[in-house]
Amino acid sequence: PFKFFGRTHNQTFVNNNGHLTFTEPLSDYIPLLNSGRDIVAPLWTHLDNRRGGTISYREDTSSAVLELVTAAIDQYFPNITFTATSAFVTTWDSVPYHSGGGEATFQVVFVSNVHRSFILINYGDIAETEQMWLAGYNTLDSVHSFTVPVTSAPELSSSSNINMNGRRSFHVDGSPNLPTDFLASGDGEIVNPPAEDGSSDVIFLQQPFKYFGHTYNQIFVNNNGYLTFTEPLSAYTPFLDPSRDIIAPLWTRLDNRHGGSISYREDTSTAVLAQVTAAVKQCFPNIPFAATSAFVTTWDSVPYYNGGGVRLTVIFDY
């Protein structure tokens with residue numbers, strides 16, 4: 001999924017006229033950002049790939065590309081802990097303008113993991129044109145909107161917002177940075193689908209989790225801010241029933257249909273195990289302990305059912 005200013009998209013459309021949309025294709029060549037839709041437009045103008053050039057796209061999860069885009073984001077946003085898990089790359093290569101001659105070469109990359117989303121835009125040779133054109137992005141409600149501040153199309157190749165001519169980058173998930181004591185998303189992160197009072201499917205643990213004398217090999221992540229072991233639970237009115245084992249970091253009515261993400265993973269990476277082991281030793285210095293598994297669940301900027309937002313993480317170290 002790609003988070004775009006609070007909305008989570010699982011699909012996109014590459015439109016020939018220099019823009020990407022999320023809910024439906026768009027043939028418009030007259031640029032209008034304030035059009036009641038989420039849109040990313042590296043160069044919105046009338047382009048004609050019938051006369052030459054190529055428009056291509058791919059979602060890339062190769063190690064080489066992910067390392068490349070992660071390094072770029074780390075450079076441009078050094079205060080955000082981020083490791084890319086997906087790069088959706090769209091390239092307009094030497095595509096002619098519809099009228100007046102000239103071609104344009106540019107590329108947009110949606111860089112994301114479960115919680116964070118960024119856009120990289122690369123501009124190659126951009127010919128001058130008398131056609132109407134525009135570069136930027138806009139959201140459904142136009143609360144988040146940006147137009148690249150240049151006066152001619154060729155200037156896109158010689159300007160930047162990150163001190164690198166011909167490249168621009170934007171942080172677009174809409175969430176503030178995760179607090180520094182939160183674990184960043186990692187490999188195998190799974191997102192609960194948007195649902196009213198929903199829950200994950202049963203999650204089978206790689207290692208059993210002992211909970212006050214009971215041993216569990218499975219768990220459920222429930223959208224309303226708690227975890228159960230034997231069955232999913234949709235209740236939003238908090239009640240700690242003594243007949244049910246439950247862990248509730250914040251039991252209240254939450255609604256991931258309106259934004260945010262609820263994600264989980266079982267992490268056995270060396271870096272995470274070292275981090276959680278150190279935390280447990282700090283809290284319980286008299287108990288010898290070395291973690292072999294960490295089940296991490298994160299509610300990231302999930303709105304309350306009746307307004308507002310929340311962010312929390314629960315981690316089982318065992």
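Reader: How many salt bridges are counted between domain 1 and domain 2?
Author: In this predicted model, the count between domain 1 and domain 2 is 2 salt bridges. One salt bridge in the structure pairs Arg116 with Asp300, with 3.5 Å between the closest N and O atoms.

Reader: Which residues belong to each domain?
Author: Domain 1 covers residues 2–171, and domain 2 covers residues 190–317. Arg116 and Asp300, the pair just named, form their salt bridge across that division of the chain.

Reader: And how many residue pairs are in polar contact there?
Author: Between domain 1 and domain 2, 3 residue pairs are in polar contact, with both residues at pLDDT 80 or more. Sorted by class, the side of domain 1 that touches domain 2 has 3 polar, 2 charged and 1 nonpolar residues.

Reader: How many residues are in contact on each side?
Author: On the domain 1 side there are 6 residues, in contact with 8 residues of domain 2. The centres of the two domains, taken over C-alpha atoms, are separated by 36 Å.

Reader: What area do the domains bury between them?
Author: Domain 1 and domain 2 bury about 520 Å² between them, and 42% of this lies on carbon and sulfur atoms. Within domain 1, the residues that lose the most area to domain 2 are Lys3, Val114 and His115, which together supply 66% of what that side buries.

Reader: Changing topic: in what order do the strands of the open sheet run?
Author: The order is 14-15-16-17, with 4 strands and antiparallel pairing. The edges are taken by strand 14 (203–211) and strand 17 (246–247); each has a single partner strand, so one side of each is left without a neighbour in the sheet.

Reader: Over how many bridges do strand 14 and strand 15 pair?
Author: Strand 14 pairs with strand 15 (residues 214–222) over 5 bridges, in the antiparallel sense. Opposite Ile203 is Ile219 of strand 15, while Phe204 faces Gln218 of that strand.

Reader: Which residue takes a positive phi in that hairpin?
Author: Phe212 does, with a phi near 50°; the hairpin of strand 14 and strand 15 has 2 residues between the strands.

Reader: How many residues lie between strand 15 and strand 16 in their hairpin?
Author: That hairpin has 3 residues between strand 15 and strand 16, and Gly225 in the turn has a positive phi of about 90°. Strand 15 and strand 16 (residues 226–228) are antiparallel and pair over 3 bridges. Val221 has Leu227 of strand 16 as its bridge partner.

Reader: Back to charges. How many salt bridges does the structure hold?
Author: The structure holds 13 salt bridges. Among them is the one between the side chains of Arg37 and Glu24, at 3.5 Å from N to O.

Reader: Where are Arg37 and Glu24 in the chain?
Author: Both Arg37 and Glu24 are in the loop between strand 4 (19–21) and strand 5 (39–44), 13 residues apart.

Technical notes: Residues numbered from 1 in each chain as written. Predicted model: local features only at pLDDT ≥ 70, side-chain atom pairs only at ≥ 80, totals over all residues. Heavy atoms only, no water. Domains from an automatic or database assignment. Contact = heavy atoms within 4.5 Å. Buried area = accessible area lost by both parts, 1.4 Å probe. Salt bridge = Lys/Arg side-chain N within 4 Å of Asp/Glu carboxyl O. Polar contact = N/O pair within 3.5 Å; in protein donor to acceptor, adjacent residues only side chain to side chain. Nonpolar A, V, L, I, M, F, W, Y, C, P; charged D, E, K, R; others polar. Pairing = 2+ DSSP bridges.
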